Amino acid sequence: MKIKQAKFLGSWEKSVDIPHIKLPEFAFIGRSNVGKSSLINMLTERKDLAKTSSKPGKTQTLNIFNCDDTFQICDLPGYGYAKVSKEKRFKFATMIKYYLRNRENLYCLFILIDLRIPPQSIDLEFINDCGADQIPIVLVGTKADKLKKTELENNHKAIIDALSQDWEEIPPFIITSAETGLGKEQVWDVVKKAMG
Ligand SMILES: Nc1nc2c(ncn2[C@@H]2O[C@H](COP(=O)(O)OP(=O)(O)OP(=O)(O)O)[C@@H](O)[C@H]2O)c(=O)[nH]1
Ligand SMILES: [Mg+2]
């Protein structure tokens, strides 16, 4: 899929304040620094649509983008990174919780997981909570370009194994790289399918 027009609509702290537009919305979540904003830029083929940073805690609000007047993307702040202050982590967690609870036009939540590190309990807990709340999720492994093939396979398997303890059927899992564009069409396929 190729986006002809991607527009930044604005930033909000509370989902109830976002003007209600009945377009399907797709949101990106994960630990701070996992690569949410970079993935959005990769998908939309825009360099600087979503602001990125090497320092965790860059995205601090709910940032909404309109794509071709057909659907919206929401770039969320990250959760659970120790280097982000306790106050901010709490603020982001609250923002995320309310967004997920109240966003009626959320068609799918992409949960990003850093493929370079072993399964993190905070990710597993977040994924399990989404399952309990019946939020439609798709898992996205990030930064694949940073790993050798065997490392990637081992880490991918470790995540799947960890999830198998709680999930009978593992949610879809897409391996991506914002650097190389790996996984782009697979993510768009999810979006297309969800919109029917
Ligand atoms: N090599 C590589 N680096 C990546 C990739 N995706 C993101 N990065 C880098 O990871 C860092 C964080 O990226 P962001 O996209 O800002 O991460 P984020 O999840 O939006 O972070 P917060 O907004 O702080 O929650 C940046 O330095 C990116 O360049 C990737 O696929 N490959
Ligand atoms: Mg970000």
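Q: What makes Ser32 count as buried in this structure?
A: In this predicted model, Ser32 has a relative accessibility of 4%. Buried means under 20%, so Ser32 counts as buried. Ser32 is placed in the loop between E2 and H1. Its C-alpha lies 6.9 Å from that of Gly80, although the two residues are 48 apart in sequence.

Q: Why is Asn33 called partly exposed?
A: Asn33 has a relative accessible area of 24%. Buried would need a value under 20% and exposed one over 50%, so with 24% Asn33 falls in between and is partly exposed. Asn33, too, is found in the loop between E2 and H1.

Q: What makes the phi of Asn33 worth pointing out?
A: Most residues other than glycine have a negative phi. Asn33 is not a glycine, yet its phi is positive, near 80°. Asp69 is another non-glycine residue with a positive phi, about 50°, and its place is in the loop between E3 and E4.

Q: How do you know whether Asn154 is buried or exposed?
A: The relative accessibility of Asn154 is 52%. The cut-off for exposed is over 50%, so Asn154 counts as exposed. Asn154 lies in helix H4, residues 149-164. Its C-alpha is separated by 9.4 Å from that of Pro118, 36 residues away along the chain.

Q: Why are Phe26 and Phe71 called an edge-to-face pair?
A: Two values settle this kind of question: a pair of aromatic rings is described by the distance of the centres and the angle of the planes. Rings pair if their centres lie within 6.5 Å, and planes over 60 degrees apart count as edge-to-face. By this rule the count comes to six aromatic pairs. For Phe26 and Phe71 the centres are 5.8 Å apart and the planes stand at 90°, so this pair is edge-to-face.

Q: Which parts of the chain does the pair of Phe26 and Phe71 tie together?
A: Phe26 belongs to strand E2 (residues 25-30) and Phe71 to strand E4 (residues 71-75), so the pair links parts that are 45 residues apart in sequence. Both Phe26 and Phe71 are buried. Together with Tyr107 and Trp188 they form one aromatic cluster.

Q: What makes Ser37 and Thr59 donors of the magnesium ion (ligand 2)?
A: The atoms in question are OG of Ser37 and OG1 of Thr59, lying 2.0 to 2.2 Å from the ion. Donors must be within 2.8 Å of this metal, so both qualify as its protein donors. Ser37 lies in helix H1 (residues 36-44) and Thr59 in the loop between H1 and strand E3 (62-67), so the pair ties together parts 22 residues apart in sequence. Ser37 is buried at a relative accessible area of 6%, and Thr59 counts as buried at 9%.

Q: How do you know that Asp145 and Ala178 make polar contacts with ligand 1?
A: The cut-off is 3.5 Å between N or O atoms. A polar side-chain atom of Asp145 lies 2.7 Å from a nitrogen atom of ligand 1, so that pair qualifies. For Ala178, a polar backbone atom is 2.7 Å from an oxygen atom of ligand 1, so this pair qualifies as well. The protein buries 88% of the 660 Å² that ligand 1 exposes when taken alone. Of the 22 residues around ligand 1, those that come nearest include Lys36, Asp145 and Ala178.

Definitions and conventions:
Residues are numbered from 1 along each chain as its sequence is written. Chains are lettered from A and ligands numbered from 1 in the order in which they are written. This is a predicted model: local features need pLDDT of at least 70, side-chain atom pairs count only at pLDDT 80 or more; totals for chains, interfaces and linings use all residues. Side-chain values use heavy atoms; hydrogens and water are left out. Rings of Phe, Tyr and Trp (its six-membered ring) pair if their centres lie within 6.5 Å; planes under 30 degrees apart count as stacked, over 60 as edge-to-face and the rest as tilted. Helices (H or I, at least four residues) and strands (E, at least two) are DSSP runs, numbered from the N terminus. Buried means under 20% relative accessible area, exposed over 50%, partly exposed in between (1.4 Å probe, protein chains only). Donors are N, O and S atoms within 2.8 Å of the metal (3.2 Å for Na, K and Ca); water is not among the atoms, so sites may look incomplete. A residue is near a molecule or strand if one of its heavy atoms lies within 4 Å of it. A polar contact is a pair of N or O atoms within 3.5 Å; within protein, one must be able to donate a hydrogen and the other to accept it, and residues adjacent in sequence count only if both atoms are side-chain atoms. Accessible areas come from the Shrake-Rupley method with a 1.4 Å probe; for residues, only the protein chains shown count as cover.
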